[in-house]
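Q: I am new to this structure and would like a close look at one part of it. Could you take me to the nonpolar patch on the surface, and then show me what lies beyond it?

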Amino acid sequence: INAEYMETAASNMYKDKTIRGFCHLYSGQEAICVGMKAAMQAQDSIITAYRAHGWCYMMGITPTAILSELAGRRTGCAKGKGGSMHMYAPNFYGGNGIVGAQVPLGAGIGFAHKYKEDNGVCITLYGDGAANQGQVFETYNMAALWKLPVIFVCENNKFGMGTSVERASASTEYYTRGDYIPGIWVNGMDVLAVKEATRWALDYCRSGRGPIVMEMETYRYFGHSMSDPGSVYRTREAVQEVRKTRDPILNFKSKIQDLGLVSEAEISTLDKEVKKEVQKATNEAEAAPIPDDSEVFTHVEVGSYKVRGPDPSIQVTMN
């Protein structure tokens, strides 16, 4: 519920114009980041697309640092320079703004795990909207040839921006797209199913058998980004039906209550604590200063470079 309330806070901050620019919310898809992280080991890594706030939290970034970054504040995890799509943490390689571009990078991270022999696996996530790109299939080929420890995860939330998967893909069974790479389908709205499927996939990759494809079937509650009302290409009733019958948080709550693992009073107490924590983070983010103008010139590599053209006799030195 931390990720859920954090995304609700981000939505409100965007509407108040505290957050500007791009902002893609993860609401509805929380079971994926929570379940997968629960199965990961310390040496494993992850890279994802721009719908990354839930993963940021699961990889150790605090709500204050995330909301501050979204608001472009100095206390953000990237000092207010990265915004919604560019946040990082140990073994978390973003947040990447270019659709599908993180997939070949994920293979590179998997190659590093294999080269260093650290028994790590790279979880590489992308959406159904990126699943038809050529670079995805080129990466599949390299990963299979080199038997890289990579889990390619298609987060199928049913819409690539405003286009349904049925209109965009000749085959919507994304877990079968690997051809020579085995794939499995997972209910991405069930946190326990996600955890167990991920545990199995990690064991598979660690065994040296190469990559695997996972399709996490899920659903996003908000539009593609905050600038998209999300009600033009689907009805509000359709969204409410998913919230009512398939919501990952409500379903998990029901399971643990039915098993007698937690009481309604304990859930209520936890809910209040998390709301209080997120509200505190929101207040801190809104009160934090924006970066000083001098920050424009920090974290930028400088030096003397030689630029060589196709004619070796022509060289330009840049200072």
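A: Let's begin with a word that we will need: a residue counts as exposed when its relative accessible area is over 50%, as buried when that value is under 20%, and as partly exposed in between. Please keep in mind that this is a predicted model.

With that cut-off in hand, look at L145, a residue of helix α6. L145 counts as exposed because its relative accessibility is 62%. L145 has company at the surface: together with F111, Y115, M142 and W146, it forms a nonpolar patch with about 600 Å² of accessible area. Two helices, α5 (102-116) and α6 (134-145), each supply at least two residues of this patch. Within the patch you can also pick out a cluster of rings, where ring pairs link F111, Y115 and W146.

Rings meet elsewhere too, as the structure holds six aromatic pairs. One of them joins F159 and Y233, with 5.1 Å from centre to centre and 50° between the planes, which makes the pair tilted. F159 belongs to strand β4 (residues 159-160), while Y233 sits in the loop between β7 (212-217) and α9 (236-246), so this pair ties together parts that are 74 residues apart in sequence. The two partners differ in cover: F159 is buried at 11% relative accessibility, whereas Y233 is partly exposed at 22%.

Let's return to helix α5 and follow the loop between α5 and β2 (122-127), where N119 is found. N119 is not a glycine, yet its phi is positive, at about 65°. Its relative accessibility of 42% makes N119 partly exposed. On the other side of α5, the loop between α4 (63-70) and α5 holds N91. N91 also has a positive phi, near 65°, and is a residue other than glycine. N91 is partly exposed as well, with a relative accessible area of 27%.

Now for some residues under cover. T198, in helix α8 (residues 191-206), is buried, with 0% relative accessibility. Apart from neighbours within four places in sequence, T198 touches M36, A39, I123, M214 and M216. Two of those names, M36 and A39, appear among the buried residues of α2, a list that also has E30, A31, I32, C33 and G35. Because seven of the ten residues of α2 (residues 30-39) are buried, this helix is largely enclosed by the rest of the structure.

Helix α8 also contains R199. R199 is partly exposed, with a relative accessible area of 39%. The C-alpha atom of R199 is 8.7 Å from that of A38, although these residues are 161 places apart along the chain.

Finally, a look at the cysteines. A disulfide is a covalent bond between the sulfur atoms of two cysteines. A search of the whole structure finds zero disulfides. Take C56: its closest cysteine sulfur is in C77, but 5.9 Å separates the two sulfurs, so they are too far apart for a bond. For C122, the closest cysteine sulfur belongs to C205 and lies 10.0 Å away, which is also too far for a bond. C56 is buried, with a relative accessible area of 1%, and C122 is buried too, at 0%.

Note on methods: Residues are numbered from 1 along each chain as its sequence is written. This is a predicted model: local features need pLDDT of at least 70, side-chain atom pairs count only at pLDDT 80 or more; totals for chains, interfaces and linings use all residues. Side-chain values use heavy atoms; hydrogens and water are left out. A disulfide is a pair of cysteine sulfur atoms within 2.5 Å. Buried means under 20% relative accessible area, exposed over 50%, partly exposed in between (1.4 Å probe, protein chains only). Patches are made of residues with over 30% relative accessible area and no salt bridge: like charges are joined within 9 Å, nonpolar side chains (Val, Leu, Ile, Met, Phe, Trp, Tyr) within 5 Å. Accessible areas come from the Shrake-Rupley method with a 1.4 Å probe; for residues, only the protein chains shown count as cover. A salt bridge is a side-chain nitrogen of Lys or Arg within 4 Å of a carboxyl oxygen of Asp or Glu. Helices (H or I, at least four residues) and strands (E, at least two) are DSSP runs, numbered from the N terminus. Contact means heavy atoms within 4.5 Å. Rings of Phe, Tyr and Trp (its six-membered ring) pair if their centres lie within 6.5 Å; planes under 30 degrees apart count as stacked, over 60 as edge-to-face and the rest as tilted.
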